[in-house]
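Let's take a walk through this fold, starting with a small piece of sheet and working outwards. Keep the 3D view open as you read.

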Amino acid sequence: MSVTYVNPEGDFNRDTKYIETRITADGRDGYPVEPGRYRLVVARACPWANRAIIVRRLLGLEDVLSIGFCGPTHDERSWTFDLDPGGVDPVLKIPRLQDAYFARFPDYEKGITVPAIVDVPTGAVVTNDFPQMTLDLSTEWTEYHRPGAPRLYPEELRSEIDEVSQRIYTEVNNGVYRCGFAGSQGAYEKAYDRLFTALDWLSERLATQRFLVGDTITEADVRLFTTLARFDPVYHGHFKCNREKLAELPVLWAYARDLFQTPGFGDTVDFVQIKTHYYVVHADINPTKVVPKGPDLSNWSTPHGREELGGRPFGDGTAPGPTRDGETVPAGHGAG
């Protein structure tokens, strides 16, 4: 999650100044790609972190990049490792993600965000630049991709992926937050119209093609999916994005189910943690911290019919294998 604020007109703004250090094959920023050196810290509740979870799994980087899971709730300052025994990450040996930030920047004043990649030997955060992070996993970590890993950011499609991803980010990924945190009626209605204009555009685009760019899953699909997965459980009610539910938008609903039922996507989604995070942490929006019981999530497993549009989810590659032990979504937290 990122640090946010609302301007005097009631418009939501996101602080997008991240730690831009990169982990690269040539180590030009001082952090070369090395198996076992880094730990990806995530929270299943967070859509930005969910992207990194999905990409790491699709590319088969589990053996070279370990993962640590923060709990779904946090205080004003930091995500915490309250899911681990003793509330301490077993690899980094810290109770709070802020400890890794302070190890590198003792006077760090910005938000403690996930996803973050931490240098295990020093215990210091390397980067929290989530858009660049997943691109680098695709392009800089290639030596360690699994056999059959998909090409999520192929060179010949990068300009189109970037263009589509940028609109998805500003209008959809961030658009739901612009609705939810609007500080005035006018700001909310403007944000609402922008969001659903973009969702209508996506519905039109996906009516005749199975995936957003090309005929395979790319980074653009990962970026859209994590917002769609949270739409009915959280954004429709909690953020007042209620023109329709996702389940009432036929094209996007079928597209979302297609991805959800693809290995590497739905098996990373923890609906219980998602709802707990938003409804408990956002006390300014939901002061009672009551978490809704619904919606019924069994419909995520229903047939979607998107195969008729053709396309090959993994291109010339293959689906990832089963989720690793210790990384599975807890029973009862998914759509099953």
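A good place to begin is a pair of strands: E5, residues 116–119, and E6, residues 124–127, run antiparallel to each other and are joined over three bridges. Bear in mind that the model you're looking at is predicted. At one point along this pair, Asp119 sits opposite Ala124 of E6. The two strands make a hairpin with four residues between them, and in the turn you'll find Gly123 with a positive phi of about 70°.

Now zoom out to the rest of the sheet. It is an open one of four strands, in the order E4-E3-E5-E6, with mixed pairing. Strand E4 (66–70) and E6 are the edge strands; each has a single partner, so one side of each has no neighbour in the sheet. On average, neighbouring strands here are turned by 35° against each other, direction ignored. Further in, strand E3 (residues 38–43) pairs with E5 in the antiparallel sense, over four bridges. To find your way along that pairing, look for Leu40, whose bridge partner in E5 is Ile117. As a general point, strands of a sheet pair through backbone hydrogen bonds, either parallel or antiparallel.

Next, bring in the helices. H1 lies across E3 and E4, running at about 130° to E3. H1 also packs with helix H3 (residues 130–139), at an angle of about 0° and with the axes 10 Å apart. That angle is under 35 degrees, so H1 counts as roughly parallel to H3. Where the two helices meet, H1 brings Trp48, Arg51, Ala52, Val55, Arg56 and Leu59, while H3 brings Phe130, Met133, Thr134, Leu137 and Ser138.

What about the nonpolar interior? The largest nonpolar core has 99 residues, and Leu97 and Leu212 have the most contacts inside it. Leaving aside neighbours within four places in sequence, Leu97 touches a whole list of residues, among them Val41, Trp79, Phe81, Ile112 and Val118. In soluble globular proteins, nonpolar side chains tend to be buried together.

Charged residues have their own story, and the count comes to 19 salt bridges. Take Arg56 again: Arg56 forms a salt bridge with Glu327, with the closest N and O atoms 2.9 Å apart. Glu327 lies in the segment after helix H9 (271–281) and Arg56 in helix H1 (residues 47–59), so this pair ties together parts that are 271 residues apart in sequence. Both Glu327 and Arg56 are buried.

Arg57 has a long-range partner too. The side chains of Arg57 and Asp267 meet in a salt bridge, 2.7 Å from N to O. Asp267 is in the loop between helix H8 (250–260) and H9, while Arg57 is in helix H1, 210 residues apart. Arg57 counts as buried because its relative accessibility is 7%, whereas Asp267, at 26%, counts as partly exposed.

For another pair, look at Arg312 and Asp316, whose closest N and O atoms are 2.8 Å apart in their salt bridge. Arg312 is partly exposed, with a relative accessible area of 38%, and Asp316 is exposed at 74%. Elsewhere, salt bridges that share partners join Arg22, Asp26, Arg28, Asp136 and Glu140 into one network.

One last stop is Asp258, in helix H8. Is Asp258 buried or exposed? Asp258 is buried, with a relative accessible area of 3%. Beyond its neighbours within four places in sequence, Asp258 is in contact with Arg210, Phe211, His304 and Arg306.

Technical notes
Residues numbered from 1 in each chain as written. Predicted model: local features only at pLDDT ≥ 70, side-chain atom pairs only at ≥ 80, totals over all residues. Heavy atoms only, no water. Pairing = 2+ DSSP bridges. Core = buried A, V, L, I, M, F, W, Y, C linked by side-chain atoms within 4.5 Å. Buried < 20%, exposed > 50% of the residue type's maximum accessible area, 1.4 Å probe, protein only. Contact = heavy atoms within 4.5 Å. Salt bridge = Lys/Arg side-chain N within 4 Å of Asp/Glu carboxyl O. Axes fitted to C-alpha atoms, helices over the stretch in contact; angles between N-to-C directions. Parallel < 35°, antiparallel > 145°, perpendicular 65-115°, else oblique.
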